[in-house]
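Subject: The structure, and what turned up in it

Hello,

Here is the structure I promised to pass on to you. Have a look at it first, and then read on for my notes.

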Amino acid sequence: KRRKKKGNSGAEGLPQSFVRDGLDYVLGVLGSGAGLGELCGDSDQEEAPGLRASKEAPEEDDEEEEEEEALGEDEELEDASDASEGEDVEEQWESDGSSAPEGEPEASEPPDPQEEEESHLLFCCFLGKDHNHSATKYVPPQVRKAQETLDDKKREELGRLKKMVNGLINRLSEPNLSSISGQLEELYMANSRKDMNETLTDILMNACVTAVAMPARLMMEHVLLVSVLHHTVGIEVGAHFLEAVVKKFDELSKSDAEGKECENLLALIAHLYNFHVVHSLLIFDILKKLVSTFTEKDIELILFLLKNVGFSLRKDDALALKDLISEAQSKAHTAEKNFKDQTRVRFMLETMLALRNNDMRKIPGYDPEPVEKLRKLQRTLVHSSSSGKETELRVSLESLLNADKVGRWWIIGSSWSGAPMIDNANSKTQQKLHIGKVSSKIIELARKQRMNTDIRRSIFCVLMTSEDFLDAFEKLLKLGLKDQQEREIVHVILYCCLQEKTYNPFYAFLAGKFCEYERRFQVTFQFSIWDKIKDLGNLSATAITNLVSVLVHLLRTKSLPLSVLKVIEFSELDKPKVRFLRQVLSMLLVKTDAEDVGDIFGRISDNPKLGTLREGLKLFLTHFLLKNVQAQKNDEEASLLKERVELATRSLQAKESKFKL
């Protein structure tokens, strides 16, 4: 009766016969001989197996025993049916198996666990229940078929794209470089940039990196193509290619490969530098790494690299090249006994000395003509304003090798989800080491001067502890500041200069050295001085005097042009600006030679954009500077000032009038 009341003992809403057929199939998979007719008997059947057995037995004692047995079986079957609704199928099978009749044959061997798991999965799918014990997610056949179709389609598109790019690269030469670069730009517009970068990099690497030395002309043409795409499509093109080349070079340099792959990879890096894809910082990092190991193979690579880019390195960063040569000389002296043949070491040192002395004749086979010719072609192909050095990748060797760990910060818009700026701790400890070497008085002074960052404190401590401006210049460069951090050098120098109670020419000479070193420092000084001029009303008299002195020094040494005064509106002059201009111009005219005065004022005479500045200066010189000059100065100084004012006024005239004269 209770079994009748239960009704369906299988899955929810499924017919009893349907569940029974499924369970029979599962048991068939398991290889068991036990049928499920007894487990899931038909609910319409009114007689229990024990009652059938009692009819067949004639004896009374046997009949009682059979009835008791049947009642026990009936209760166990009912418990098994209840367990099948809420428990796992494996537990259901164990419970049912334990209550099997005595006449049922047992399996000769225990079922295989793998088969049990497969049947369990099948049964769970059959009942429509979740399988919590398996990590594999069931994917319907139609979804699997759609995914396979998408993969096949993607593979086919990549194969077609590779054939197109490979055909263009195979036809690459100097005359058709313009058309091929244009077609590659169209492919970049029509396809994913990731797919294009990977395809182009693989094809170029297969074409240029071989076990034999590749022709220099072929390498230059391939790299020129990358440079053109780097400027026209985006810097991620050159960045992806550069990263692949550098990682491949690092991998091969650590192995004992005897082929010319390392030379070919170094040639690619050298020409990427020649065509303004990468900054000289990477080249110096590679040279320093080779000098630090200093094996025979490294010496050959150093000679190969210096032959290709040595004179360009001398032009870009002579100080770093000088340090590298000194390090190589000391390394050669200490490792002299390790080499059987000293000729290559001596030849390398002679080549470095020729670079330092700018003597091209002592470098055999050096010919800058092919590179210069292709640079001209590059300028014709790249018409945008970003064709200059501002698109150069200023990235170090360490950053490229650790790109997967610290991210690709040199690519604009490159997303990064890893640990941000892992190397921050190292850079901070290095800066703290610089601070820790100075006395506590200097640190306390830096705190009083509101040097509130580690970078500013480091710069301030260098300025306060240097022997002279050259020592300070070298120490500040060795701090290794990047981009916006370098601007802090200019700001701290000007701040310290204005805070001095009496003018200290140390800051002026140091500022002039930085202006001569690179133009970016010159631009930063110009902007910083503009900010001070606009804020003259809030500066003390001592600060204004110091600002006048440092500005006159920079103008006299031609570190800054006279156009730095264009920020002054001559139509809206107030008393602080009039006083400032009078001090600057009088000191500049009196303390400068006549020839230099003509050059300083003549530099702004041919620029049509500075017409307002020229007219304002002429008006100020004649009406403000010479006014009451006799009362303020003695006769000799007054006559000298009048003479220099006339010279400056003549120099400010346009060049057309000079030609007429």
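Below is what was found in the side chains, from the cores to the charged pairs.

One thing to keep in mind throughout is that this is a predicted model.

**Nonpolar cores**

The largest nonpolar core is made up of 89 residues. Within that core, the residues with the most contacts are V165, L184, L242, L268, L282 and I286. If you would like one of them to zoom in on, try L282: leaving aside residues up to four places away in sequence, L282 touches L242, V246, I269, V395, S396, L397 and L400. Apart from the largest core lies another one, of 70 residues, which includes L479, V567, L585 and V597. As general background, nonpolar side chains in soluble globular proteins tend to be buried together.

**Cysteines**

You may well ask how many disulfides the structure holds. The count is 0. Two cysteines can be placed by their accessibility: C208 counts as buried because its relative accessibility is 0%, and C515 is buried too, with a relative accessible area of 6%.

**Aromatic pairs**

Searching the whole structure gives 7 aromatic pairs. One of them joins F473 and F514 edge-to-face, with 4.9 Å from centre to centre and 70 degrees between the planes. F473 belongs to helix α23 (residues 469–478) and F514 to helix α25 (residues 505–517), so this pair ties together parts that are 41 residues apart in sequence. Both F473 and F514 are buried. They also belong to one aromatic cluster, formed by F473, F514, Y517 and F521. A charge joins the picture here: the charged end of K513 sits over the ring of F473, 5.5 Å from the centre of that ring.

Another edge-to-face pair is made by F527 and W530, at 5.2 Å centre to centre with 75 degrees between the planes. Here both partners lie in helix α26 (residues 519–534), 3 residues apart, or about one turn of the helix. Is each partner buried or partly exposed? F527 counts as partly exposed because its relative accessibility is 46%, whereas W530, at 13%, counts as buried.

**Salt bridges**

There are 23 salt bridges in the structure. In general, side chains of opposite charge can pair when their charged atoms come close.

- E156 and R160 meet through their side chains at 3.4 Å, N to O. Both lie in helix α7 (residues 141–170), 4 residues apart, about one turn of the helix. R160 is partly exposed, with a relative accessible area of 45%.
- K247 bridges to E243, with 2.9 Å between the closest N and O atoms. Both lie in helix α11 (residues 235–254), 4 residues apart, about one turn of the helix. K247 is partly exposed at 26% relative accessibility, while E243 is buried at 9%.
- R456 and E488 meet at 2.8 Å, N to O. This pair links distant parts of the chain, with R456 in helix α22 (residues 454–465) and E488 in helix α24 (residues 484–499), 32 residues apart. R456 is partly exposed at 28% relative accessible area, and E488 counts as buried at 18%.

Finally, salt bridges that share partners join E243, K247, D404 and R408 into one network.

Happy browsing, and best wishes.

Methods: Residues numbered from 1 in each chain as written. Predicted model: local features only at pLDDT ≥ 70, side-chain atom pairs only at ≥ 80, totals over all residues. Heavy atoms only, no water. Core = buried A, V, L, I, M, F, W, Y, C linked by side-chain atoms within 4.5 Å. Buried < 20%, exposed > 50% of the residue type's maximum accessible area, 1.4 Å probe, protein only. Contact = heavy atoms within 4.5 Å. Disulfide = S-S within 2.5 Å. Phe/Tyr/Trp six-rings, centres within 6.5 Å; stacked < 30°, edge-to-face > 60°. Helix = DSSP H or I, 4+ residues; strand = E, 2+ residues; numbered from the N terminus. Lys NZ or Arg CZ within 6 Å of the ring centre and 35° of its normal. Salt bridge = Lys/Arg side-chain N within 4 Å of Asp/Glu carboxyl O.
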